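Trainee: I would like to learn how to read a structural model feature by feature. May we go through one together?

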Amino acid sequence: FRSVIVKGNTLSPGNTVTGEAQEAAEATYFDILHDALQANWVLPVWLARQELSARVRIYLNPNGTVRTFVFQKASGHPVFDEAVKSTIEKSQPFPVPPEDLADKFEYDGILIGFPL
């Protein structure tokens, strides 16, 4: 029996994080972002008791600064929504996002729910 060497396509080692590894990296960065926001999240007790909520999509520059943010769902209460804006502004710059996720966070953003 003689072995035959077959030439053709080869598998490259790749250099992009995909699948579960990318999800894990995204979840880890989300936790870091959440912790940074949490440190600046302050509501008066009377407002916290109103059970308000908001969702904001934050778009980050590759250096961790906020490019912009958009309310996907505002709370409808101006003081609460201002607290959300203030928290985002006070919390930056965020840590630099992982290189493989920087484009995603810059163009797709990351959705954060308030209260944190």
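Mentor: Let us begin with burial in this predicted model. A residue counts as buried when its relative accessible area is under 20%. Trp41 has a relative accessibility of 13%, so Trp41 counts as buried.

Trainee: Where does Trp41 lie, and which parts does its pair with Phe114 tie together?

Mentor: Trp41 lies in the loop between α1 and α2 (45–48), while Phe114 belongs to strand β3; the pair therefore ties together parts that are 73 residues apart in sequence. Phe114 is buried as well, with a relative accessible area of 2%.

Trainee: How should the geometry of the rings of Trp41 and Phe114 be read: what are the distance and the angle?

Mentor: Two values are needed, the separation of the ring centres and the angle between the planes; under 30 degrees counts as stacked, over 60 as edge-to-face, and the rest as tilted. For Trp41 and Phe114 the centres are 5.1 Å apart and the planes stand at 50°, so this pair is tilted. Trp41 and Phe114 also join Phe80 in one aromatic cluster.

Trainee: How many aromatic pairs does the count give?

Mentor: The count comes to three aromatic pairs. One of them is formed by Tyr29 and Phe105: the ring centres are 5.3 Å apart and the planes meet at 25°, so the pair is stacked. Tyr29 is in helix α1 and Phe105 in helix α4, 76 residues apart, and the pair thus links distant parts of the chain. Tyr29 is buried at 3% relative accessibility, and Phe105 is buried at 0%.

Trainee: Which residues of α4 are buried?

Mentor: The buried residues of α4 are Leu101, Ala102, Phe105 and Glu106. Viewed down the axis of α4, these residues fall within an arc of 140°, so they line one face of the helix. Asp103 and Tyr107, on the other side of α4, are exposed.

Trainee: How does one recognise a salt bridge, and how many does a search of the whole structure find?

Mentor: Side chains of opposite charge can pair when their charged atoms come close. Here the search of the whole structure finds one salt bridge. Lys104 forms this salt bridge with Glu26, and their closest N and O atoms are 2.9 Å apart. Lys104 lies in helix α4 (residues 99–107) and Glu26 in helix α1 (residues 19–38), so the pair ties together parts 78 residues apart in sequence.

Trainee: Are Lys104 and Glu26 buried or exposed?

Mentor: Neither word fits. Lys104 is partly exposed, at a relative accessible area of 30%, and Glu26 is partly exposed, at 22%.

Trainee: Let us turn to the sheet. In what order do the three strands lie?

Mentor: The strands form an open sheet in the order β2-β1-β3, with antiparallel pairing. Its edge strands, β2 (66–73) and β3 (110–114), each pair on one side only. From one strand to the next, the twist averages 30°.

Trainee: How many bridges join β1 to β2, and how many are there between β1 and β3?

Mentor: Six bridges join β1 to β2, and β1 (residues 54–60) pairs with β3 over five bridges. Arg57 stands opposite Val70 in β2, and Ala54 stands opposite Phe114 in β3.

Trainee: Which strands does helix α3 touch?

Mentor: Helix α3 (residues 78–91) packs on the sheet and touches β1, β2 and β3; its direction makes about 155° with that of β2. Helix α4 lies across β1, β2 and β3 and runs at about 125° to β1.

Trainee: Which backbone features deserve a second look?

Mentor: Most residues other than glycine have a negative phi, and most peptide bonds are trans. Glu51 is not a glycine, yet has a positive phi of about 55°. Glu51 is located in the loop between α2 and β1 and is exposed, with a relative accessible area of 74%.

Trainee: Where are cis peptide bonds found?

Mentor: One cis peptide bond joins Gln92 and Pro93, with omega about 0°; Pro93 is in the loop between α3 and α4. Another joins Phe114 and Pro115, with omega about 5°, and Pro115 is in the segment after β3.

Key: Residues numbered from 1 in each chain as written. Predicted model: local features only at pLDDT ≥ 70, side-chain atom pairs only at ≥ 80, totals over all residues. Heavy atoms only, no water. Salt bridge = Lys/Arg side-chain N within 4 Å of Asp/Glu carboxyl O. Helix = DSSP H or I, 4+ residues; strand = E, 2+ residues; numbered from the N terminus. Buried < 20%, exposed > 50% of the residue type's maximum accessible area, 1.4 Å probe, protein only. Pairing = 2+ DSSP bridges. Axes fitted to C-alpha atoms, helices over the stretch in contact; angles between N-to-C directions. Contact = heavy atoms within 4.5 Å. Phe/Tyr/Trp six-rings, centres within 6.5 Å; stacked < 30°, edge-to-face > 60°. Arc of directions from axis to C-beta.
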